[in-house]
Amino acid sequence: MTDATSNAPAIKGTASSLLTESPLMKKRNAAEARFRMYGVIALCIGLGFLVFLAVSILRNGIPAFTQTVVSVEFTLTQEQFDEAESKMLKTAAYTEIFVNGVTAQLQERGLDVPFDGGTIERLMGKVGGDLRSFYRDNPEAIGVPTTFELPAASRVERYLQGNLTREMVVDGRFLEAADLDVVDALAEAGIITSAFDWNFITGADTGVDNPGGAGIGVSVIGSFFMMLVVLVLSLPIGVAASIYLEEFAPRNRFTDLIEVNISNLAAVPSIVFGILGLAVFIQFAHLPQSAPLVGGLVLTLMTLPTIVISTRAALKAVPPSIRDAALGVGASKMQAVFHHVLPLAMPGILTGTIIGLAQALGETAPLLLIGMVGYVAREYPDGFASGLLDPNSAMPAQIYTWAARSDEAFFEKAWGGIIVLLLFLLTMNLIAILLRRKFERRW
Amino acid sequence: MSNMLIMLILLGLGVVGFFLGRGRALQVAGGDRRELHSLPVYYGAHVGLNAVVPAAMLLFVWLIVQPFVVNNAASDLIAAESASEAGDLSLIMSDVRRVAEGLDLLASTEGMSDAAIAALSVDDGNLRERLAGVGVALGADVQADTLEAAKRYRAVDATGDMLRTITVILVALAGLALSWRLITPAFRARNTVEKGILAVLIAAATIAILTTVGIVLSLIFNTYEFFKLYPIGEFFFGLSWSPSFSGRGGSSELGIIPLLWGTFYISIIALLVAVPIGLFSAIYLSEYASRRVRSIAKPLLEVLAGIPTIVYGLFALLTVGPLLVDVFGQDGALGVNWMQGGTAVITAGLVMGIMLIPFVSSLSDDIINAVPQAMRDGSLGLGATHSETVRQVIIPAALPGIVGAILLAASRAIGETMIVVLGAGAAARLSLNPFDAMTTVTAKIVSQLTGDSDFASPEALVAFALGITLFVVTLALNVFALYIVRKYREQYE
Amino acid sequence: MNDMTPVNRKLGTMQDLKISARGVQVYYGDNHAIKDVSVDIAHKTVTAFIGPSGCGKSTFLRCINRMNDTIDVARVEGDILIDGEDIYDPKVDPVQLRAKVGMVFQKPNPFPKSIYDNVAYGPKIHGLARNKAELDEIVEKSLRKAALWNEAKDRLNAPGTGLSGGQQQRLCIARAIATAPEVLLMDEPCSALDPIATAQVEELIDELRQSFSVVIVTHSMQQAARVSQKTAFFHLGNLVEYDDTDKIFTNPQDSRTESYISGRIG
């Protein structure tokens with residue numbers, strides 16, 4: 001302690017009174033406030049992006065769930081039927097009958113707007129054909145008043161929603177400005193109404209020419225079968241691998257290699273898993289392209305690291321005293337794990353699995369490579385094997401397909417599809433949170 | 001379907017074995033289960049597993065090996081002159097398989113007898129039509145040697161199938177019988193069964209390694225094929241990316257540099273967005289925010305991480321892109337006309353940055369929280385303000401961890417696919433203008449493998465070379481980042 | 001260390017009063033941690049707070065430089081005056097206060113910076129040096145005062161975390177005195193140190209008494225007896241007894257103090 005020179009002159013300290021703020025302190029406090037403000041701003045920007053994203057999804061996607069329908073009550077007499085059937089252009093005849101019917105209804109309400117079959121075709125598609133096939137299939141409906149609900153064209157829909165203005169309309173094959181007068185009249189007469197579009201939820205994808213009729217239902221089933229594969233494979237494999245690594249594995253090169261592998265696989269870009277799927281499952285093993293089975297296998301490999309990591313955390317959370325207690329009454333190590341540790345870790349494992357599945361459900365990139373995107377999913381699979389092996393789409397792949405089409409009317413479907421996808425993800429995450437809340441255990 | 005049947009038979013044998021084993025155990029113990037070493041179910045499981053597992057493994061291996069054997073047997077019949085090149089042989093063999101498949105269908109749908117099939121010859125003339133009739137469309141008329149090879153293919157395949165069924169069932173029965181005979185009261189059935197279970201557990205853990213091996217092998221094989229067709233130097237140092245669309249044309253320029261530049265540029269913009277916002281949010285949430293604000297804002301921010309990338313892709317393509325054009329494009333709010341279209345480096349970079357915010361913020365949050373409270377106390381006790389403490393003590397202390405987090409985010413950005421596929425454009429160019437459309441390694445992997453080009457062409461195979469580059473770069477970044485983060489954590493443990 | 005016999009202890013008169021606490025209550029949420037504590041601490045003396053773990057001695061120490069402000073759930077009532085100024089006055093900036101009332105913690109907590117930067121940190125943020133030369137001077141003086149100069153002068157740019165435990169704690173003391181505080185609070189400064197390092201730090205504390213008032217929390221009664229002139233005994237949040245150190249250890253008034261000193265509680 002020789003150099004503890006107490007005679008060293010004192011260092012000059014800060015301002016004497018605590019009650020007055022020194023100029024330097026003022027500056028420092030201002031810097032403090034600024035720094036804090038940066039944090040608030042950053043957080044607000046981050047949350048602002050979230051709000052922006054949510055708003056644009058909802059604003060663009062909600063219209064996909066409603067459908068504009070033209071409902072016309074209409075009676076076809078036997079004479080009209082016979083006359084139409086006798087003509088050369090049968091559907092045109094039906095269209096004319098329809099036009100007359102609608103005109104009559106409009107005039108009843110004092111609205112007089114001239115239009116012809118061409119207008120009808122632009123506004124709601126080939127009505128004549130629909131009518132003809134209806135009456136040919138249901139001859140008993142002839143002479144009886146029947147209400148037809150016909151979906152309006154997507155442009156009409158966008159006009160009524162205010163997304164399409166008169167100025168934007170370029171006369172053409174799809175819509176003419178004059179048609180909008182008819183739409184206005186029909187809307188005023190209550191003939192055009194809005195209805196919930198069940199077809200979007202349950203329907204199949206359509207070709208590029210019919211955006212209005214496209215639905216996401218079939219690809220939901222595709223996703224379902226994929227998730228089934230992922231669940232059936234990744235849960236048992238992931239749990240088995242975790243049990244080995246956490247409970248039995250000796251510390252050696254081999255287990256180290258596995259550990260490093262798992263943590264690195266979790267960070268491999270998903271597109272690389274797509275390449276793996278393409279090369280191994282399709283090129284090498286000749287599994288069918290676009291099949292949910294292949295998609296499920298690829299997503300299983302992707303999800304496994306997630307499940308292993310969360311399962312190991314759940315196993316680790318079970319205190320060693322439980323194992324000791326089981327071993328102490330003469331259970332084998334395997335029995336201790338399977339009878340005591342695993343059941344206690346189960347809620348945590350399930351939570352991790354659900355979160356892993358939710359991730360897999362939204363994954364798109366690998367599906368692009370195994371051919372789930374180009375495929376137009378027009379039909380529901382007929383049965384279990386067909387659900388696994390027949391080409392199908394999946395929700396995110398379907399959304400991508402719609403977004404890649406040139407007709408802008410499909411974009412609305414893509415946004416709508418996103419809402420459906422996010423609802424599924426939300427539900428899964430909620431279940432995971434509830435599970436965690438309900439079974440959370442503090443040791 | 002016959003494989004399904006074999007599996008069912010095996011399962012049936014397993015169940016039978018279980019009951020036989022359990023019965024035998026009780027019988028040798030004279031009905032007193034206390035005489036036994038293990039619980040009776042273990043004896044049952046012992047017999048059941050011995051019946052099923054070896055047989056199932058044999059079945060699995062056989063299923064993998066048989067196609068190669070059959071292929072070899074059939075390809076012997078292909079005339080050497082028609083298969084002058086290695087690629088041609090595989091093309092012909094795929095024809096052979098299709099014809100064989102068609103013959104199978106003919107046998108099953110039209111009831112053609114084996115003798116009638118053996119008598120088929122190309123001179124019948126209508127073979128192609130008949131095959132088309134059962135749903136096997138062929139590009140050209142069937143060659144004589146192809147037909148013969150197909151017949152041989154079918155025959156060998158059928159023999160293989162029969163042999164397989166018999167062998168597998170025999171092995172199952174043998175396993176059942178042998179293990180059944182082993183049962184005595186002193187036999188340690190539980191230990192054997194547990195050994196079996198342990199083997200299953202180890203096998204499950206090995207899948208992680210198999211996946212990596214699968215990734216590496218499939219990338220390396222196809223990349224090797226690619227470099228046989230395209231010079232390696234031009235791939236890595238080529239400044240131009242313009243694949244020809246003709247398929248097998250040699251006029252493609254497949255230089256990776258423009259793609260790497262696009263990837264790099266977009267990632268940089270993404271990090272420029274994500275790092276300041278994420279880092280400051282993390283600092284605010286961990287150092288300043290009240291518990292209430294934290295409990296609301298943190299999960300909300302993490303919602304951004306749970307949103308699938310396709311959503312971000314669509315957001316970039318349909319919302320952010322047009323918005324940016326409204327600002328920077330022709331007749332835009334700024335009147336600068338810098339931006340021609342919605343898909344651009346800045347669009348993809350911005351949206352990717354939004355995606356990465358929670359990634360940076362939650363990792364940094366963890367890392368900042370790992371800085372010991374004693375550091376904060378030490379600084380505050382000296383009369384430092386909170387921000388001085390954060391800037392001069394906490395951030396320097398957490399720096400390695402934060403760098404690790406940023407590297408992990410960078411590896412995410414480099415590997416991200418959907419946002420760039422939808423938001424960045426398709427043109428590969430070396431440009432400094434962030435308002436230009438550019439493309440990335442991942443986007444080109446997608447476009448080269450989803451197009452119509454022939455799978456053996458350099459235009460398709462280049463995707464594997466791109467894939468291996470991507471894999472190596474992201475892997476290196478990850479390993480490095482995880483190493484830094486681990487070192488950092490060890491420092492404070 | 002023989003110069004620390006009780007003989008030469010001169011107690012501060014009321015003119016030397018540095019800190020004066022009246023009716024201090026501290027709550028951690030619902031937990032009433034400090035119950036109505038009043039105490040006067042003299043200038044240029046070493047005051048020791050002793051008592052069993054959880055008795056509130058550290059909590060009270062942290063009130064004196066408002067370190068409790070950094071804990072969300074902590075609430076302080078009552079008055080603490082330093083030089084007659086209420087430190088809980090809304091006009092008082094706790095940051096400025098802490099420059100005046102330095103603190104040394106239980107575990108040595110050098111920043112992950114060089115030795116030089118560790119010591120220079122305080123003077124830099126408080127703007128005590130006009131130029132590099134002055135800063136160098138402050139660093140040297142502080143290190144000398146903390147009895148670390150000889151060991152550290154050749155490795156000022158080495159990281160502070162590379163020093164031994166005792167050196168680290170002396171570095172923390174140097175860091176605290178570099179801001180020229182008037183009061184130095186020490187929260188069990190030797191509890192993480194080995195006996196040799198402890199002896200060095202204790203000797204240092206006695207030196208520091210000449211420039212600062214030192215308040216030290218310790219769970220070692222021997223340490224309190226060795227270094228302090230006044231001792232306060234805390235028990236279950238109450239200040240049980242406060243008097244000259246030798247009086248507390250030789251002739252305690254309260255039966256609880258006596259039980260503690262003779263090892264029956266604590």
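Contact here means heavy atoms within 4.5 Å. The exercises below apply to a predicted model.

**Exercise 1. The nonpolar cores**

Determine which residues C:Leu208 contacts beyond its neighbours within four places in sequence, and place this residue in the wider core.

*Solution.*
Step 1. With neighbours within four places in sequence set aside, C:Leu208 is in contact with C:Ile173, C:Ile177, C:Leu184, C:Met186 and C:Val214.
Step 2. The largest nonpolar core has 232 residues, and C:Leu208 is among those that touch the most other members, together with A:Phe273, B:Tyr312, B:Ile445, B:Leu466, C:Leu143 and C:Met186.
Step 3. Helix α9 (residues 257–288) of chain B supplies the largest share of this core, 15 residues.
Step 4. Separate from it is a second core of 39 residues, including A:Val102, A:Phe148, A:Ala189 and A:Ile191.

**Exercise 2. B:Gln66 and its surroundings**

Establish whether B:Gln66 is buried or exposed, and identify the side chain with which it makes a polar contact.

*Solution.*
Step 1. B:Gln66 is located in helix α2 (residues 40–75) of chain B.
Step 2. The relative accessible area of B:Gln66 is 7%. Buried means under 20%, so B:Gln66 is buried.
Step 3. Not counting residues up to four places away in sequence, B:Gln66 touches B:Asp157, B:Gly160, B:Asp161 and B:Arg164.
Step 4. With B:Arg164 there is a side-chain polar contact of 3.0 Å.

**Exercise 3. The domains of chain B**

State the bounds of the domains assigned to chain B and the separation of their centres.

*Solution.*
Step 1. The domain assignment gives domain 1 (2–187) and domain 2 (253–491).
Step 2. Taken over C-alpha atoms, the centres of domain 1 and domain 2 of chain B are 50 Å apart.

**Exercise 4. Three salt bridges**

For the pairs A:Lys413 and A:Asp197, C:Glu140 and C:Arg144, and C:Asp244 and C:Lys230, describe the position of each partner in the chain.

*Solution.*
Step 1. Over all chains, the structure holds 35 salt bridges. Side chains of opposite charge can pair when their charged atoms come close.
Step 2. A:Lys413 and A:Asp197 meet in a salt bridge with an N to O distance of 3.8 Å. This pair links distant parts of the chain, 216 residues apart: A:Lys413 belongs to helix α18 (residues 409–439) of chain A, and A:Asp197 to the loop between β3 (192–196) and α8 (198–202) of chain A. A:Lys413 is buried at 5% relative accessibility, and A:Asp197 is buried at 2%.
Step 3. The closest N and O atoms of C:Glu140 and C:Arg144 are 2.8 Å apart. Both residues lie in helix α4 (residues 132–145) of chain C, separated by four residues, about one turn of the helix. C:Glu140 is partly exposed at 29%, as is C:Arg144 at 27%.
Step 4. For C:Asp244 and C:Lys230, the closest N and O atoms are 3.9 Å apart. Here too the pair links distant parts of the chain, with C:Asp244 in strand β10 (residues 238–244) and C:Lys230 in strand β9 (residues 230–235) of chain C, 14 residues apart. C:Lys230 counts as buried at 19% relative accessibility.

**Exercise 5. An annotated region of chain C**

Give the secondary-structure content of residues 19–261 of chain C.

*Solution.*
Step 1. UniProt, in an unreviewed entry, places the feature "domain: ABC transporter" at residues 19–261 of chain C.
Step 2. Over these residues the chain is 38% helix and 27% strand.
Step 3. The end C-alpha atoms of residues 19–261 are 26 Å apart.

How values were computed
Residues are numbered from 1 along each chain as its sequence is written. Chains are lettered from A and ligands numbered from 1 in the order in which they are written. This is a predicted model: local features need pLDDT of at least 70, side-chain atom pairs count only at pLDDT 80 or more; totals for chains, interfaces and linings use all residues. Side-chain values use heavy atoms; hydrogens and water are left out. A nonpolar core is a set of buried Ala, Val, Leu, Ile, Met, Phe, Trp, Tyr and Cys residues joined through side-chain atoms within 4.5 Å. Buried means under 20% relative accessible area, exposed over 50%, partly exposed in between (1.4 Å probe, protein chains only). Helices (H or I, at least four residues) and strands (E, at least two) are DSSP runs, numbered from the N terminus. Domain bounds come from an automatic or database domain assignment. A polar contact is a pair of N or O atoms within 3.5 Å; within protein, one must be able to donate a hydrogen and the other to accept it, and residues adjacent in sequence count only if both atoms are side-chain atoms. A salt bridge is a side-chain nitrogen of Lys or Arg within 4 Å of a carboxyl oxygen of Asp or Glu. UniProt positions are given in the numbering used here, feature names are shortened, and annotations may be inferred rather than shown by experiment.
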